[in-house]
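Trainee: I would like to learn how to read a model like this one carefully, feature by feature. Could we begin with a local detail and then work outwards?

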Amino acid sequence: MRGEILGVERRRFWRDEDKLEIVMSVGVGGATVTQVAQRHEITRQQIYAWRHELKKKGLWSPDAGALFYPLDIPVASGVPVAPPAAEAPRPIAVELRLNGGRSLRFDSTVDPAALTALIRAVEAA
């Protein structure tokens, strides 16, 4: 059995700054991990590994691009005033499948505390 070498194997060294630039370019202008990997002639797995590595080093955070805007809410006697209510969203039918083949069907506007009590009652039965 014979094999041919079709090209020169190359092993590149990537500085943390270069890795960070490549990792942060994912999502810019809608670029996917695959597109960024192809652009830099690396594998998708390499980008995921770099994300993990940079995150461990504290150089990258998935929330790094998050923007926080200050919110000015008027306060009356220490209790925030609720903003004027917009039109309530239309209720949605929800089906929750429980253990033992049981299911609950309810409206999305159900009070969470009442729903929790109902689920506990059905599970206990």
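**Reading the model, from a loop outwards**

Mentor: Let us begin with Glu41, which is found in the loop that links H2 to H3. Keep in mind throughout that this is a predicted model.

Trainee: What is the phi of Glu41?

Mentor: The general idea comes first: most residues other than glycine have a negative phi. In this structure, the phi of Glu41 is near 55°, a positive value in a residue that is not glycine.

Trainee: Is Glu41 buried or exposed?

Mentor: Glu41 counts as exposed because its relative accessible area is 53%, and the cut-off for that class is over 50%.

Trainee: How should I place that loop within the chain, and how many helices and strands are there?

Mentor: The chain holds four helices and four strands, and along the sequence they follow the order α-α-α-β-β-β-β-α. Of the 125 residues in the chain, 15% are buried, while the exposed surface comes to about 10900 Å², with carbon and sulfur atoms supplying 57% of it. If you take the contacts between residues at least 6 apart in sequence, 33% of them join residues at least 24 apart.

Trainee: Which residues form the largest nonpolar core?

Mentor: That core has twelve residues, among them Ile22, Val23, Val26, Val36, Ile47, Trp50, Leu54 and Trp60. Helix H1 (16–24), helix H2 (33–39) and helix H3 (44–57) each contribute at least two residues to this core. A second core, separate from it, has five residues, including Leu98, Leu104, Leu115 and Val122.

Trainee: How do I read the packing of H1 and H3, and at what angle do they pack?

Mentor: Read the geometry and then the residues that meet. The angle between H1 and H3 is about 120°, their axes lie 10 Å apart, and the crossing of H1 past H3 is left-handed. On the H1 side the contact involves Asp16, Lys19, Leu20, Ile22 and Val23, which meet Ile47, Trp50, Arg51, Glu53, Leu54 and Lys57 of H3. Sorted by class, this contact has six nonpolar residues, five charged residues and no polar ones.

Trainee: Arg51 appears in that list; which residues does Arg51 touch beyond those up to four places away in sequence?

Mentor: Leaving out those sequence neighbours, Arg51 touches Val23, Val26, Val33 and Trp60. Arg51 sits in helix H3 and is classed as partly exposed because its relative accessibility is 22%. With the same exclusion, Trp60 touches Leu20, Val23, Met24, Arg51, Leu54 and Lys55.

Trainee: Where is Ser61, and how far is its C-alpha atom from that of Arg51?

Mentor: Ser61 belongs to the loop between H3 and strand S1 (75–76). The C-alpha atoms of Ser61 and Arg51 are 8.5 Å apart, although ten residues separate the pair along the chain. Ser61 is partly exposed, because its relative accessibility is 33%. Pro62, eleven residues from Arg51 in sequence, lies 8.7 Å from Arg51, C-alpha to C-alpha.

Trainee: To close, is Phe106 buried or exposed?

Mentor: Phe106 is buried, because its relative accessible area is 18%, and the cut-off is under 20%. Phe106 lies in strand S4 (residues 103–107), and its contacts, not counting residues up to four places away in sequence, are Ile92, Ala93, Val94, Leu96 and Leu115. Phe106 and Ile92 are 14 residues apart along the chain, with 8.5 Å between their C-alpha atoms.

Methods. Residues numbered from 1 in each chain as written. Predicted model: local features only at pLDDT ≥ 70, side-chain atom pairs only at ≥ 80, totals over all residues. Heavy atoms only, no water. Buried < 20%, exposed > 50% of the residue type's maximum accessible area, 1.4 Å probe, protein only. Contact = heavy atoms within 4.5 Å. Areas by Shrake-Rupley, 256 points an atom, 1.4 Å probe, with all protein chains shown as cover. Core = buried A, V, L, I, M, F, W, Y, C linked by side-chain atoms within 4.5 Å. Axes fitted to C-alpha atoms, helices over the stretch in contact; angles between N-to-C directions. Left-handed = near helix turned anticlockwise from the far one by under 90°. Nonpolar A, V, L, I, M, F, W, Y, C, P; charged D, E, K, R; others polar.
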